[in-house]
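The following exercises concern the geometry of a single protein chain. Each task is followed by a solution in steps.

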Amino acid sequence: MVLSLLTGTAPCPCCAYGHADSLLPVSMRNLFSGRAARAAAKASSAAATKVSGLLRIDGVTIVDPRDGSKTPNMSILMNMGRITAVVPAATEGHPSIDRIDATGKFVVPGYNDMHSHVLELEDPTGSMALMLAEGVTGFRQMSGSPALLARKAAGGLAFGPQAPQLLQTSGALITPFNAGTVEAVTEEIRRQKAAGADFIKVGLCHPEVFLAAIKVAGEVGIPILGHLQEGANALEATDLGFHSVEHLGPSATVWMCCSDDEEALSADSRRREFIKAPPFKIPFLEQIIMKRLRKLLINPAAFAQRPDIERLGQAIETFNPDKAKRTADRFVEKGTWHCPTLVRLRTQEYADRAEYRQDDMLNYLPKASIKDWEMITGKFTALPDDLKRIYDSAYPRQQMLAKFFSDAGVKMICGTDGGSYLGPGLTLKQEFKELSDAGVSPLTILQMATINAAEYLGRSDSMGVVESGRDADLVLLDADPLDSAENLHRISGVVRAGFYHSRQTLDGLKAQVASGCGYLN
Ligand SMILES: [Zn+2]
Ligand SMILES: [Zn+2]
């Protein structure tokens, strides 16, 4: 029922982001108004100088994410945003070449944040600068709208060299409000494909609609991904071709397939209440829901209902490694991707921890976002102790599952859910740490952020490796990134579209965003 949405059952911020966006009247979507208009102007002027001229970086050790091999003392030559040669250092360059002496540094391909909501922001340029400062050169936008797709079609989403590249975006999230029935979801998927969506993103829908949507997307020829749905079997969705699972589920959807209690838990999941849109128009309903969802997106864990939290706890407690291996094998067999977004799971489930009151990202967020975060954290803090204990014990197990799937060969990419409540860029640093703490090796983390993202996108020929012919998107590091995940973020410079940004420049961008309370001034 709609009321259940108002009282809170959304499992993840994606739902809320997508709902909020799709429910907004076009005039309120902020894509071309106020601060956003200035952002669009900034973006379009930057896009006019999209790629650099000649650039050369000397003296570096190149790290190959494919096998972890390192080639010391190399020069990288770039032109028009592409790597044109990778050669032993000390060859003479053309006088017009910008030459960077990076002796002793390590170079890896630029990082890709494959779960971002940064374009939800009224003015995303500050957040994208933060992403660049943390080595993010590409991102997958995980929710859109008709207006965003129109802007994409008009070439308005090329943000220039001070921002990462938009790799892919969905249209509006699939929800009961645009896909309440099989007929409606069929129409919506066809409409989004025609409008230029790169994929269909499922937020929240009835299990029957969900499974039908996967079939329709397959017939139409567009990837479908996002949230697995309560009441629908995760492996059935996998078999039908669900392309990418976010947040390890979310909720208990994947855990149930790894549980000794799968049958009982699945039956319980099927019995839960599912959100339905009303068959008739209710005045102001959209505005009311939008207001509610804006709060939900800050921390869905604070709003989840007891049966859903308890089902997650029970599924985790009855984890069976043999079943989990069979589940992982099925993901491998079907080529299903996983984007665990551990940083998002952690901030949801540990929301009231003292460390989040002193987190570095607070220096870069809009004041209104911080105020909202504090308010919702108060709600989370007030949850009954038994539910908070479930969350408390869930997070380390979710880390374990990410490592388990990685070890089992499941295809994995890095994502953060970064947006106005999770500092973009900084969250990728935290995601690396969470994966590392889970036991994932620095090389595997590097692969998730580079070659795996390239494979996911079907761009293995142009991304993910530092060699001639690839995109000139690079991260320069002060220390060997294969020694520790921390070194993946000891960034001395970033090359985006062939433009070099020194540490000093990147720090300058961060300082601007800090002084602008989340925005570039
Ligand atoms: Zn999301
Ligand atoms: Zn999500």
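**Exercise 1. Backbone outliers**

N73 is located in strand β2, where helices (H or I, at least four residues) and strands (E, at least two) are DSSP runs numbered from the N terminus. The model is predicted: local features need pLDDT of at least 70, side-chain atom pairs count only at pLDDT 80 or more, and totals for chains, interfaces and linings use all residues. Residues are numbered from 1 along each chain as its sequence is written, and chains are lettered from A and ligands numbered from 1 in the order in which they are written.

Task: determine the sign of phi at N73 and at A497, and classify the burial of each residue.

Solution. Step 1: N73 is not a glycine, yet its phi is positive, about 55 degrees. Step 2: A497, in the loop between β15 (491-496) and β16 (499-502), is likewise not a glycine and has a positive phi of about 55 degrees. Step 3: a residue is buried if 20 or more other C-beta atoms lie within 10 Å of its own, exposed if 12 or fewer, and partly exposed in between, with C-beta atoms placed from the backbone. Step 4: N73 has 14 C-beta neighbours inside 10 Å and so counts as partly exposed, whereas A497 has 24 and so counts as buried.

**Exercise 2. A loop residue and its distant partner**

Task: state whether D67 is buried or exposed, and give its C-alpha separation from Q447.

Solution. Step 1: D67 belongs to the loop between β1 (55-63) and β2 (70-79). Step 2: D67 counts as exposed because it has 9 C-beta neighbours inside 10 Å. Step 3: although D67 and Q447 are 380 residues apart along the chain, 9.2 Å separates their C-alpha atoms.

**Exercise 3. Helix packing on α15**

Task: classify how α11 and α13 are oriented relative to α15.

Solution. Step 1: two packed helices are described by the angle between their axes and the distance between the axes. Axes are lines fitted to C-alpha atoms, for helices over the stretch in contact, and angles run from 0 to 180 degrees between N-to-C directions. Step 2: the axes of α11 (residues 306-317) and α15 (residues 385-407) come within 10 Å and cross at roughly 45 degrees. α11 is therefore oblique to α15, since angles under 35 degrees count as roughly parallel, over 145 as roughly antiparallel, 65 to 115 as roughly perpendicular and the rest as oblique. Step 3: the axes of α13 (residues 342-349) and α15 come within 9 Å, crossing at roughly 170 degrees. α13 and α15 are therefore roughly antiparallel. Step 4: in this pair, L342, L345, R346 and E349 of α13 make the contact (C-beta atoms, placed from the backbone, within 7 Å) with Y391, A394, Y395, Q398, Q399 and A402 of α15.

**Exercise 4. Enclosed helices**

Task: identify the buried residues of α4 and α7.

Solution. Step 1: in α4 (residues 125-133), nine of the nine residues are buried, so this helix is largely enclosed by the rest of the structure. Step 2: in α7 (residues 207-220), the buried residues are V209, F210, L211, A212, A213, I214, V216 and A217. Step 3: the cover over these residues of α7 includes α6 (182-194), β9 (200-202), β10 (224-226) and α8 (234-240). Step 4: G135, just after α4, has a positive phi of about 90 degrees, and G221, which follows α7, has a positive phi near 90 degrees.

Definitions and conventions:
Contact = placed C-beta atoms within 7 Å.
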